[in-house]
Structure formats: structure tokens, C-alpha cells
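Trainee: Could you pick one small detail of this protein and take a close look at it with me? Then please carry on from there, in plain words, to whatever else is worth seeing.

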Amino acid sequence: MTEDSIPNKRIFKDPVHDYVEYDPWICSFIDTPHFQRLRYVKQLGISYYVYPGASHNRFEHCLGVGHLARMMAQHLQKSQPSLGITDEHIRCVELAGLCHDLGHGPWSHVWDGHFIPKALPNHPKWSHEQASEMMLDDMVKKHRSLDISPEDVETVKALISGRKDRCRLGTTMPFLFEIVANDVNGIDVDKFDYIARDCHAVGEKRNIAMTRLIHSARVIDGQICYDIKDANTVYELFYTRFSLHKNIYNHKTTRAIEYMIMDVLLIAQKHMKFAEYIDVPEKYLHLTDDLFHRINMTESEELAPARKIIDRIQTRDLYRRVDYKIMDWDDKEFCQAHITPEAIVHAAKNVNLEGVEQSLIAELTVDHVIVDISKMHYGRGVDNPIYQVKFYSKHEPNVCRRAESGDVSLLMPEKFGELLLRVYTKEERFMGLVQTAYRHVLRSLPMPGEAVEMTTIVPTPPATEAPSTPTALTSTLGLGAPQSRVSRPFGRTPSYSDNQFTTLPPNCQSRSPTRISSRSLKRTRDISIELDIDNPPPTRKSMRLASTK
């Protein structure tokens, strides 16, 4: 008679996946400083300042991805034994899912996507995926009790990168590289988890059937394919990704605070030199969102400007968005070349703009203006992501093909990518001036298809010259009154007309109407009290007596 076995798995209660189990081997990687560090790196970075529920961290996201990676690999192992997937393969895929974000820096994508390229312009191209591999190597090196072979470490690192050419498994089982980081069509368990987790955190009531997609997965011709019945669910996945990026991750206030954090980091980097930690795992281990408070705790005079910006964040005195416009995907290089802080400041100083506050023109510099151009897409650029996914049917379960529009929906958009152009000012007193100058630049641009020669304004190098004296524009840009441009009706093609919904008075210097300073509030309250002295409001008792008469 055999004795009952005692479960030796650790169970995590997860708000998205309910109860998640991990065996002692996986837990040995979780119980290291390298993985525990992820408790202190926000999943959505600065979005927490806009969505108070977005307080979740990379720690729980990685637990979820590891769980889904194991679920997907086990499903393929059981449903298609001919693939030859072993328990060892599943463990490597699970560990890759668990450790895929080990290398995220403070505020997640702000660190590797924006800060590092500016702080270390001469450093070889760097990404958090590279840092994840570095941290995994250091974890295994420092904790020799971890039971993993060098070959499996290399396999896990290859699975994290999604590069099939980095190990032998990429040749024999290429489909395993589509589970954690799918470079073929973008459908992977990393996306499954962050979409579900981020929607839950910010209060978006989206419900992507992740489990259905996992059980729909089938390997055909070395690639993971899905049942054609689930084509709409796949499309929903891509659309939700686009929606999250446009409405949540790139929220106008989130981007404003990100630029403020960037300025804080760039100022502090000159003295604290923490950007160099990206190549030193022993120091990178201690680089988390706590960097914000470490900078704020300093007392040196050199970091006073950084502390001042931090104070502005904490008192909600933020950089302000003054305008935005949706542009065509193909116009990115054109917009980046001609809609610049230099061009806007040049227009403000050299064009007779009606209604602007003249006293502010001399004070406005290039450093006061930010032009933010972000790509918004469904995950595969301008292409329909559905066309990169292969499907099968129950009638032909071993034959895969791409779906056509008639197989999915005729209501899908013609374009799957666009540009979101936004202009910010670091000081709200310049709001009206910056918007008026920006709109002059925008209206002076040639319409799409017009062959008009234009000269890019070259930024003034940071030397003794004032930053407000950029190279002059050519006459073709039109420093005089630009031609009137009629706004197009709602349609497929974006126009270069003014945004009717964001128009400000040219002399606008005020705050958002939803934000009233405590000083103004006190003054209003004092005036109200003064006006009511001669006519005090009736007391509850007098009102009761009056009602009985």
C-alpha cells in the first residue's frame, strides 16, 4: 500500500490567474535577490501617477508569464506527442518566461527606451532583454545551489531573446521560441499576461480568452498556429494591445511625467553615474524605482535642479501638453525633420504671431519645448497582424494557411499604424505662445504630395551661444502668414489643419480648469466669507422654525 504524497509545490494567489503553482526547482530561482528585485520595478512605470491601480510590479508579471509558458508547453506536449517535447524542454520554457524581464530598469521602458540612449549615446545598442540575460548569468554564478546546466542556461537565454539561431533547439523545435518572445507574429504568453494584468490594474474591462488561445494552439510545419474559429479572438488581442498603448501607456500626462523623470535622470547622471551600471550586474541589482527617492534625498547643490523637478511632480506642477495631432505613419521622418522645438521657437521669435504675449517671446528657448512623436500600431507596424498568423480548421488540422479578410471580418481598418504627434511645454506660461508658433509651423508645411524643398533647422550646439538662436529657415517654409488650410471631414487621411478641440487663446498662460491652486482656493473662500457677513446663511434651527409658521 502506497502512502499519500505531500504536495511540495508553492502556490501563489494571483489576481489574474487565480492560484499559480511552482515546483521547488523554479522556486529556487524566485528566491534570489535578482528575481526579488522585480518587486521594486513598476510594470507600467509612470502610468501609476495617472492610474492609481497600476501599482503592480514586474515581479507578479513574471510569475504570470512563467505560469502561462508552462501551460502552453504542456498543452503542446499532451496534444501532440509526436513533437517530442520533454519535461526538460518545458522547464526551460517555464524558466525563460519567469526570467524574461529580469533586466528591466527603473520605470521599465523609460529606462531602456529613452534614458539610456541619451545618457550613453556612444554605448552599443542596449535593451532590457540583454540585461535579462546578464542578470540570469550573474544569478547562476552567484547562487551555485541552482541546479541548472550551462547548456540549459544558454537555451533559456535564447528563448528569452526569441533568437532560434542561438542554440540547437532552435533548429529541432523552433516553435518553442514562439511561446515567450514570438518574433514571427507577436502572439506570445508575455503579451497574454501583460494585457490581462494591465487591463485589470487600470480598470479596463477587457476579457481576452487567453486559456482558449492556449488550448487552440497547434504546431504545424514548425510554427504555432490557431484554430480559425479563434481568428476574431486573435484580432481582439492585437486591437487591445493598440488600445492600451494609445490610451494607457502613452497617456498625455504619463508622457509629461516621463519627460520630467528623464530630465531628473539626465541631471543626476552627470554626478551619480548610474547609467554605467547597465554593464555591472552587482550594481544593476540595486537599480530600481527607488532611484527617484535616492535622488530626492541628496543635498548637493549640483542636484538641486533635479530635486526641483521632483518637487514639481509631487505637487502636480507638470509639463503641459499644448497640442496634438494624428499623422500618417509614412510621415514620421518628415515630421521629425520639420516639426521640432527649434522650428517652433524660431517661428515664435521671427513671425508676427497675433495675440501672443510679447514679453514671453524673449524668454522662450528650445529647452522649454518638447515635440513627442510616437508610433501607434497593432503590433506589426502598418501591416494587418492577422495576415502574419497561420490558422487551421478542424477539417484539416494538419494544414495551416493565412486567413483573408473574408475569413475574419470586413470591418477591420485599412491602416494598422499611425503617428501620435504631441507638443509639450515645460512651463505653462508658454502654453498659448508655443501652440500658436507650433500651428504656424504646421500650416507652413507642404500638403502631402507637394514637392516643396525644405531645410531642416539644425539645433544650436550647447556652447556659449544661446539655445534660442537656431539656424534660419528657408523662405520655402513660409515665415509670413501661411495659407489657410481647411480641416478635412472625418476620414481615413489625416490633415495638417489645426486641432479644433485643443485651441487655446494665443496669450494663454493659465492652468487646466480642473486644477485650482490652494492659494486661489483660499482667496476665493475668504472673499465668500467676507461677502456673507451682512447676510449670513440661515441656521438649521431658523429654517426649522420658519417651516412651522
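Mentor: Let's start with one pair of residues: Ser393 has Glu396, in β8, as its bridge partner. Ser393 closes strand β7, which spans residues 390-393, and three bridges hold β7 and β8 together in the antiparallel sense. Two strands are said to pair if DSSP finds at least two bridges between them. Strands (E, at least two residues) and helices (H or I, at least four) are DSSP runs, numbered from the N terminus.

Please remember that this is a predicted model, in which local features need pLDDT of at least 70 and side-chain atom pairs count only at pLDDT 80 or more, while totals for chains, interfaces and linings use all residues. Residues are numbered from 1 along each chain as its sequence is written, and side-chain values use heavy atoms, with hydrogens and water left out.

Now step back from that bridge. β7 and β8 belong to an open sheet of four strands, ordered β3-β4-β7-β8, with mixed pairing. At its edges stand β3 (218-220) and β8 (396-402), each pairing on one side only. On average, neighbouring strands here are turned by 50° against each other, direction ignored. For angles like this, axes are lines fitted to C-alpha atoms, for helices over the stretch in contact, and the angles run from 0 to 180 degrees between N-to-C directions. As general background, strands of a sheet pair through backbone hydrogen bonds, either parallel or antiparallel.

Next comes an open sheet of three strands, β5-β9-β6, whose pairing is antiparallel. β5 (320-328) and β6 are at the edges with a single partner strand each, so one side of each has no neighbour in the sheet. The average turn between neighbouring strands of this sheet is 20°, direction ignored. β6 and β9 are joined by nine bridges, and Lys375 has Leu419 of β9 as its bridge partner.

A helix goes with this sheet. α20 lies across β5, β6 and β9 and runs at about 20° to β5. α20 covers residues 431-444 and includes Arg439. Is Arg439 buried or exposed? Arg439 counts as buried because its relative accessibility is 5%; buried means under 20% relative accessible area, exposed over 50%, and partly exposed in between, using a 1.4 Å probe and protein chains only. Beyond neighbours within four places in sequence, Arg439 is in contact (heavy atoms within 4.5 Å) with Asp323, Asp498, Asn499, Thr502 and Thr503.

α20 also helps to cover another helix. Eight of the 10 residues of α17 (341-350) are buried, among them Glu342 and His346. The cover over the buried residues of α17 includes α16 (332-338), α18 (358-361), β6 (369-377), β9 (417-425) and α20.

Helices can also pack against each other. The axes of α9 (189-202) and α11 (231-249) come within 11 Å and cross at roughly 45°. That makes α9 oblique to α11: angles under 35 degrees count as roughly parallel, over 145 as roughly antiparallel, 65 to 115 as roughly perpendicular, and the rest as oblique. The crossing of α9 past α11 is left-handed; a crossing gets this name if the near helix is turned anticlockwise from the far one by less than a right angle, and is right-handed if clockwise. Residues making this contact include Phe192 and Ile195 of α9 and Leu237 and Leu244 of α11. The contact residues divide into nine nonpolar, two polar and three charged. Here Ala, Val, Leu, Ile, Met, Phe, Trp, Tyr, Cys and Pro count as nonpolar, Asp, Glu, Lys and Arg as charged, and the others, Gly among them, as polar.

Last, a look at two loops. Most residues other than glycine have a negative phi. Trp107, though not a glycine, has a positive phi of about 60°; this residue sits in the loop between α4 (87-99) and α5 (109-119) and is buried, at 6% relative accessible area. Lys273, also not a glycine, has a positive phi of about 55°. Lys273 lies in the loop between α12 (252-272) and α13 (281-284) and counts as partly exposed, at 43% relative accessibility.
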